Number of protein chains: 2
Amino acid sequence: MREFELIRELLSRLPDAPDRVRIGPGDDAAVVSADGETAVTVDALIEGVHFRVEQFPPAAIGRKALAAALSDLAAMGAEPGEAYVTIGIPPGFGEARCLELYEGIATVTESAGVAVLGGDVNRSGQLLLAVTAVGRGEPGTLVGRSGARPGDAVAVTGELGGAAAGLLLLEGSEPGDAAAQADALRARQLAPTPRLAEGKALAATGARAMIDISDGLGADADHVARASGVRLRIEIGRAPIQDGVREVAAASGRDPLELARAGEDYELLACLPPEAVDAARDAVERTGGRLTIVGEALEGEGAELVGLDGLMVPLGGFDHLA
Amino acid sequence: MREFELIRELLSRLPDAPDRVRIGPGDDAAVVSADGETAVTVDALIEGVHFRVEQFPPAAIGRKALAAALSDLAAMGAEPGEAYVTIGIPPGFGEARCLELYEGIATVTESAGVAVLGGDVNRSGQLLLAVTAVGRGEPGTLVGRSGARPGDAVAVTGELGGAAAGLLLLEGSEPGDAAAQADALRARQLAPTPRLAEGKALAATGARAMIDISDGLGADADHVARASGVRLRIEIGRAPIQDGVREVAAASGRDPLELARAGEDYELLACLPPEAVDAARDAVERTGGRLTIVGEALEGEGAELVGLDGLMVPLGGFDHLA
């Protein structure tokens, strides 16, 4: 019966369920009343594949697992609603760290207004979290990947490269001249923020296709391009790069643009008709965010990243545990 | 890019999405239009915890993972809608077995009318499946665990013990005088059937609380009893036992009632007002099922299993990989 006690304890760390929830955690299924369209996404974080426990405190693992799932909802322009969290606990992980993990989840549920309505706690050979996130929108307002059209502007929110620079620092790289930015860079890797408000602002101002930048700027642009049947041409030099990324790259002998396209920043890439760009930028700025045009959609298929020298850059991010 | 190609191949094994699906697999999130109340459940199957790969062919693992999640929807009386499947693939598992696994999932989606709208394929130290199942019902019709009242009859669908007997056979026990039933018993363990039609019939005819019998008759009755604030008194001798279970128990020197309360049969336990029992039984029989009264709800708290001798029997199922 230990599993049931642990689940009760874990759930007690989370805020009360909102009114739309008719049956909350602890039943065979949760029951929620809601109208409109529902967006559902699943995302898993697995020890040794997506993170190393030596680098990620338990709270950061819980936080990042939920944030990554919510980032998918942000990329639809959805209002986040509920989450369901399946955990696999390896031998010796212990209940204290399990509770810390849930406290990390709770920090995100509070800031994003998400109710955790269920889950499953299992033994497992390695630590894993599988998160299901459910969001909503008015009919027809949620934005997929397939709507980009030739002539659209390609924009990204926020700043890129911080997550990859943060990972280098966590792996022991020197910050070089970025000592003052090192904590902020590590936080981009450990505690990413889903761009929920920005996603809703972009959907409301006419974004035709969106994706969150988790696999890397080039790889994610390629997903949008292929789903939409267009070519996305992105000039990597126009991408906004987070403070300190250039310095960390220099200290480890890397190209800063490699970090900028490495992924895991959980910013959004959006394709917008040119006439919608000003309103979209204003709307994103009103959320406290930033929107930068980095390229355009053309006839053709697939994404291309153009470097500072006008030559093509590989699309892939880097496999951060390689 | 191998992951994306594999996902495309896996999804091609599944039927097309129904009309309510506005954005299907392959986007950041799936988008579904639906009214009423939504039931959501998550369920994980992990190698070495819930199954051994030597006993479970890949198709059976996929099939059982989805069936177990749908069984939770059956226990709400929900109409099944969509599923999302996260897979962790261990080194050396190979794509062929991965595809077999998805073919097992596809057999359930077809029989249950469920659309698989997304998922995630990851590397992992051991084989694991985490399934999210989404179902629906008219407002107020979905049945949780907490509605049982003193005086209610306690009923179970189908027959018990088959899954545990099947597991003993898979582990090498002799079938004894149950050679003719051995395949059917193994199938109860390998390919359980979620009681979806029975669950809807019970919800429609007045069931006040339901649960699926996965942890074991006593353990699951205890969940309902504690959620409802009643005592559930169950006479294990009244439980319908599947053909061949007594013989397998005899051949391995076990008590057949131990197998009957071991769990994983994925039958439903329902609490019904006495005046609803006849209509509920008729409705379940019209689905091709069977409903048997095994006990009653009383004032108090918790479940009690009463053996043939009138003495208490432990509530727990058995940990089948112990």
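How many residues does the contact take from chain B, and how many from chain A? In this predicted model, chain B puts in 51 residues and chain A puts in 51 residues.

**View 1. The side of chain B that touches chain A, element by element.** Quite a list of pieces chips in here: β1 (21–23), β2 (30–33), β3 (37–46), α2 (58–74), β4 (79–89), β5 (115–123), β6 (128–137) and β8 (209–212) of chain B each give at least two residues to this side. The largest share belongs to β3(B), with nine residues.

**View 2. That side of chain B again, now by residue class.** Sorting the residues that face chain A gives 25 nonpolar, 15 polar and 11 charged.

**View 3. Strands pairing across the two chains.** Zoom in on strand β3 (residues 37–46) of chain A and you find it hooked up to β2(B) through four bridges, with the two strands running antiparallel. For one pair to look at, take A:Ala39, whose bridge partner in β2(B) is B:Val31.

**View 4. Around the rotation axis.** Turn chain B by 180°, with 0.0 Å of shift along the axis, and it lands on chain A with an RMSD of 0.0 Å. The two copies are therefore related as by a two-fold rotation axis. Which residue of chain B comes closest to that axis? That's B:Asp35, with its C-alpha at 2.9 Å.

**View 5. The two sides of the contact compared.** Of the interface residues of chain B, 100% are also interface residues in chain A, so the copies meet through the same surface.

Technical notes. Residues are numbered from 1 along each chain as its sequence is written. Chains are lettered from A and ligands numbered from 1 in the order in which they are written. This is a predicted model: local features need pLDDT of at least 70, side-chain atom pairs count only at pLDDT 80 or more; totals for chains, interfaces and linings use all residues. Two residues are in contact if their C-beta atoms, placed from the backbone, lie within 7 Å. Ala, Val, Leu, Ile, Met, Phe, Trp, Tyr, Cys and Pro count as nonpolar, Asp, Glu, Lys and Arg as charged, and the others, Gly among them, as polar. Two strands pair if DSSP finds at least two bridges between them. Copies are superposed by least squares on the C-alpha atoms of residues with pLDDT of at least 70 in both.
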